[in-house]
Amino acid sequence: MRYEQNFYNINYKITKSEKNKLKKTFIKINESIEKLNLPCLSIVKNNSYLKEMRDMTKKYGKFKNILICGTGGSSLGGKTLCELNKTKNLNKKIPNLYFIENVDPTPILNILNNIDLEKTATIVISKSGETIETLCQFFLIYNFYKKKRKSLKSKLLVITENKISTLKKIYEETNCDYLIHDNKIGGRFSVFSNVALLPALLSSVDIDGIIRGGKEVLEDFQNSKDLFSIKPILSAYYSFKLMRSKFKQFVLMPYSDALVNFSLWYRQLWGESIGKEGKGSTPINAIGTIDQHSQLQLYLDGPKDKFISIVGINRYCRSFSLKTNLSKQFVYSPLDKKSMESLFKAEQKATFDTIKKKKIPLRKIDVDFLDEISLGSLLMHFFLETIFTCYLLNINPFDQPAVEEGKILTKKYLKDE
């Protein structure tokens, strides 16, 4: 396996009824995978959709800039994969990717006013084809091009379901490029589909490694005979037990800048999947070492309602030893002849030890080296953990009924404006 997982300050004795429930849930998920009823998982065993995506990459990879319009899962998956570039020295000439996620016009217009429109392509992503924020992003870009007397022709790609929708009509009206968004894969579960893999390809990320990592974890889940040897099941069980007691805040704190968007991706996945019928827990994304200076005081000394997961990387990029003797009279001894990664590791260990000593429920996920395979493994782990936990709570992980009222009111207020 590409990662290790250990728990501390958590002691639950599994009952016979709980063991039966775990087994039934395991069988239910496994049968759904085999019957292809969970394509967000089984997609890693299918490469039939990759050729069309690679062909599209050849065309769009020639642009200097690419605007990617989408929100929520239509954006966070791609951003999570593309952020792997922070761990690499990229010498390849690749497009500048701009993820347009919000409907605040200021930053979008700032981008549009400072790029070469002739060398810029736009990708618009919405599963339903009716996401009003994404449609607004598109029309802002479309109108901007028009005002500048530029054309979007041959520079536009739409990814949406193959059904009647506003975005599908835009594709038909503009005769632009088109990729089908799998109608059985929701936005927050789309990281192994073209929604996220296409931006990753354009950003020179090895998507075969991403898929391989996900496949390894899925196959380990399916083939294991001992339920508690399966990492996503053990973490789902502990999450279920913690939520049934007083622990309602779940913190994910990776120690890697390349996992900032991963923590945001987790926040949406967990919050939108599990927060239903008065059940669930609030996901909190943090980043080490930054949030040691903003959130750690609360975690350590505030309400004892938090479960903290630290993600650590064993091998970071090696930097040089620091010389801190600015003069004969001045030497900063704590860092003298130490490297930056030494400080990073020391702070991670100190945070872990402090949380552990405070008897706070704690998980440590260790990744030997952050690459495409290990990231794909983590993504699949959290898919399985989330789905399994939802089933233990008897809730549907794939819908989000409570947000529909806000969507209806938004359109009403626009009409009344």
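## A parallel sheet and its helices

Let's start with one pair of residues: Val 158 stands opposite Tyr 178 in strand E6. The model you are looking at is predicted. Strand E5, residues 156-160, pairs with E6 in the parallel sense, and four bridges join the two. From here we can widen the view to the whole sheet, the helices on it and one well-covered helix.

**The sheet**
- The sheet is open and made of five strands with parallel pairing, in the order E3-E2-E4-E5-E6.
- Strand E3 (96-100) and strand E6 (177-180) each have a single partner strand, so they stand at the edges and one side of each is left without a neighbour in the sheet.
- From one strand to the next, the twist averages 20°.

**Helices on the sheet**
- Helix H6, residues 132-147, packs on the sheet and touches strand E2 (65-69), E3, strand E4 (120-125) and E5.
- The direction of H6 makes about 155° with that of E4.
- Helix H8, residues 194-202, also packs on the sheet, where it touches E2, E3, E4, E5 and E6.
- The direction of H8 makes about 150° with that of E5.

**Helix H4 and its surroundings**
- Helix H4 spans residues 73-82 and is mostly covered, with 10 of its 10 residues buried.
- The buried residues of H4 include Gly 73, Gly 77 and Gly 78, along with Lys 79, Thr 80 and Cys 82.
- From the sheet, E3 and E4 pack against the buried residues of H4.
- Among the helices, H8, H9 (207-223), H11 (260-274) and H14 (372-392) pack against these buried residues of H4.

Notes:
Residues are numbered from 1 along each chain as its sequence is written. This is a predicted model: local features need pLDDT of at least 70, side-chain atom pairs count only at pLDDT 80 or more; totals for chains, interfaces and linings use all residues. Side-chain values use heavy atoms; hydrogens and water are left out. Two strands pair if DSSP finds at least two bridges between them. Axes are lines fitted to C-alpha atoms, for helices over the stretch in contact, and angles run from 0 to 180 degrees between N-to-C directions. Contact means heavy atoms within 4.5 Å. Buried means under 20% relative accessible area, exposed over 50%, partly exposed in between (1.4 Å probe, protein chains only).
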